[in-house]
Amino acid sequence: MANITHATPSNAASITANGVATAGPLRWVSLIWIAAMAGAAIVAYLNGLSLKGLLPLTIAAMAPAILGLVLSPISDREWVRVTLILAWIGLAIAACLGIGFLPMALLFFCAPAMAALFRREMLIEAMVLSALSALAVYAITRWGGAVVQAMPLGGELTAWAKTTAIASTFVSLIASVFAMSGQSNAELSGGGQLGNDSRLAPRASPDAFASAGDVYDVDEDGMILGASNLAMRQIGLLPDDFGAKSVDDVFTRVNRNSDNGGALSDVIRTAVIMGHRKTLRAQLSPLDGDSSAIERDVVLMIAPKTDAGAHIFMTDISTEVAQIRQLEQGRDAAQSAADGKSLFFAGVSHELRTPLNAIIGFSDMMRSRLFGPLPGKYSEYADLIHDSGQHMLDLIGDVLDVSKIDAGKYSLDYDDFDAADVLRSSMKMIRPSADAAQVVLETKIEDGMPIMLRADRRAVRQILLNLLSNAVKFSPKGGHVIVRAEAAAAGMVVFSVKDSGSGMSAAELETIGAPYVQAESAGLIETRGSGLGLSLVKSLVDLHGGQFDIKSAKNKGTFAQVILPSEPPV
């Protein structure tokens with residue numbers, strides 16, 4: 001429950017957990033029941049009935065109403081509500097057993113009527129409990145034998161009690177209906193009161209007081225007229241500040257939809273004029289001189305009142321904002337580390353290529369015997385140095401390209417060319433390796449018109465070389481590799497490479513394209529790679545806006561397909 005403090009103490013009001021003050025309706029219904037019973041007793045006394053018999057009967061009948069009148073200030077508490085419902089059911093049970101089941105069973109309607117004043121959910125509970133109690137009492141009076149009455153009643157007194165019970169019950173039910181109607185209107189207009197003459201607009205949430213806890217009552221210019229106790233503690237607000245402090249002194253950095261919304265008072269003024277509820281984010285700042293309060297990130301819901309001004313319901317989101325900021329910092333740190341790694345690899349790879357080129361060049365000179373013959377063993381070593389250096393240079397080239405792509409430094413140089421020419425030149429470059437591995441290469445290119453492609457020629461050649469190199473590397477002796485290039489519909493160019501190699505399992509296919517990941521069969525061949533070939537193919541295809549698909553099965557070979565647009569992506 002949130003208590004709203006205003007400059008005038010008489011304006012304070014208690015708001016229940018469901019947003020509606022029940023103290024007033026409970027008090028009025030109880031008073032109506034007491035008045036009805038008292039009036040009936042007075043009339044009976046004037047008509048000659050004994051006061052000695054009337055007085056205890058009247059007081060017993062008034063007991064639940066008197067209890068409700070006493071407990072009405074704290075009627076928002078659950079135990080109070082349950083106690084009152086049980087008290088009315090107890091009165092009905094006593095009347096049925098002491099006077100007669102009919103018509104005293106009508107008193108069982110009083111408990112549900114009382115429950116309807118508290119919370120709609122309690123109405124059903126009270127109805128069920130009253131019905132079960134009525135059935136139990138009926139069973140006792142019908143089959144339980146004689147029932148001893150609480151007090152000996154004469155015929156006239158019994159008739160009076162029955163008539164009074166019927167009349168008072170109907171009067172109480174009518175009063176409860178009117179009270180419930182008043183509660184519904186209060187809920188529709190915002191639930192509860194803040195002061196004697198201000199109610200929330202229909203757009204305001206009736207649960208806002210209890211759920212948020214931080215509530216401000218402001219006028220149309222943003223001056224703070226009142227606040228809940230929790231709201232006052234949050235910013236160090238004092239009752240003397242009401243009417244003197246503006247919301248702009250408390251809420252700073254108002255933000256709506258990631259745009260600067262200006263001063264909060266301007267937003268309130270617009271909301272009051274338009275009559276629409278507004279929700280926005282802001283920074284809650286402590287008032288000057290209050291060192292105990294801290295800045296907080298909050299969400300504000302501005303609900304215009306029906307007369308003038310508005311209510312502001314505040315929800316603290318500082319914890320959520322802090323968690324988001326931590327996640328963003330972690331993301332930025334991880335991205336920075338990844339970028340640093342990529343740049344490091346790119347730098348190291350670039351520096352390694354210079355000495356490797358020298359090693360390959362000198363070993364090539366030794367192999368060609370430019371300065372005379374070499375002993376047989378030295379000649380063999382020169383060949384090994386050359387081949388190893390060339391292999392290492394290829395690996396470093398892949399690492400350099402992948403690092404550039406990861407760092408966003410790889411740029412495509414678009415050019416118009418015949419895709420078939422690039423495929424033929426790639427086949428010539430890979431054929432010596434295929435011949436050495438005793439693998440048959442077969443090219444299938446459509447005759448006729450050239451297959452025109454606008455792309456990065458070097459990148460396309462690298463895509464084809466990596467796919468061909470993999471196909472040859474993993475094909476056994478006598479294996480067969482088929483390469484195709486064709487123009488497809490929608491301006492696409494399709495390259496495909498099919499081999500009869502060892503293939504990959506479904507689990508290995510899921511990791512295709514991840515850097516430094518190799519299939520299990522890579523450990524069974526002599527030439528080891530870096531695991532970057534297919535990753536580089538996928539990255540280069542993505543840069544062109546194309547598609548890369550690969551299908552494979554263990555011991556059944558692999559089929560790789562690359563689809564590139566004939567024009568650069570927009």
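**View 1. Buried residues of helix 3 in the predicted model.** Val80, Arg81, Leu84, Ile85, Trp88, Ile89, Leu91, Ala92, Ala95, Cys96 and Gly98 are the buried residues of helix 3. The helix runs over residues 78-98, 21 residues in total. From its first C-alpha to its last it reaches 30 Å, close to the 30 Å expected at 1.5 Å a residue. Gly100 follows helix 3 and has a positive phi, near 155 degrees.

**View 2. A nonpolar patch on the surface.** Ile42, Tyr45, Leu46, Leu51, Leu55 and Ile59 make a nonpolar surface patch of about 640 Å². At least two residues of the patch come from each of helix 1 (23-46) and helix 2 (51-71). Ile42 belongs to helix 1. Its relative accessibility is 51%, so Ile42 counts as exposed, the cut-off being over 50%.

**View 3. An open sheet of five strands.** The strands are arranged in the order 10-12-13-15-14, with mixed pairing. Strand 10 (440-445) and strand 14 (547-552) stand at the edges. Each of these two has a single partner strand, so one of its sides is left without a neighbour in the sheet. On average, neighbouring strands of this sheet are turned by 10 degrees against each other, direction ignored.

**View 4. The pairing of strands 12 and 13.** Strand 12 covers residues 480-488 and strand 13 covers residues 492-499. The two pair in the antiparallel sense, over eight bridges. Ala487 has Val493, in strand 13, as its bridge partner.

Conventions
Residues numbered from 1 in each chain as written. Predicted model: local features only at pLDDT ≥ 70, side-chain atom pairs only at ≥ 80, totals over all residues. Heavy atoms only, no water. Helix = DSSP H or I, 4+ residues; strand = E, 2+ residues; numbered from the N terminus. Expected span 1.5 Å × (residues − 1). Buried < 20%, exposed > 50% of the residue type's maximum accessible area, 1.4 Å probe, protein only. Patch = residues over 30% accessible without salt bridge, like charges linked within 9 Å, V, L, I, M, F, W, Y side chains within 5 Å. Areas by Shrake-Rupley, 256 points an atom, 1.4 Å probe, with all protein chains shown as cover. Salt bridge = Lys/Arg side-chain N within 4 Å of Asp/Glu carboxyl O. Pairing = 2+ DSSP bridges. Axes fitted to C-alpha atoms, helices over the stretch in contact; angles between N-to-C directions.
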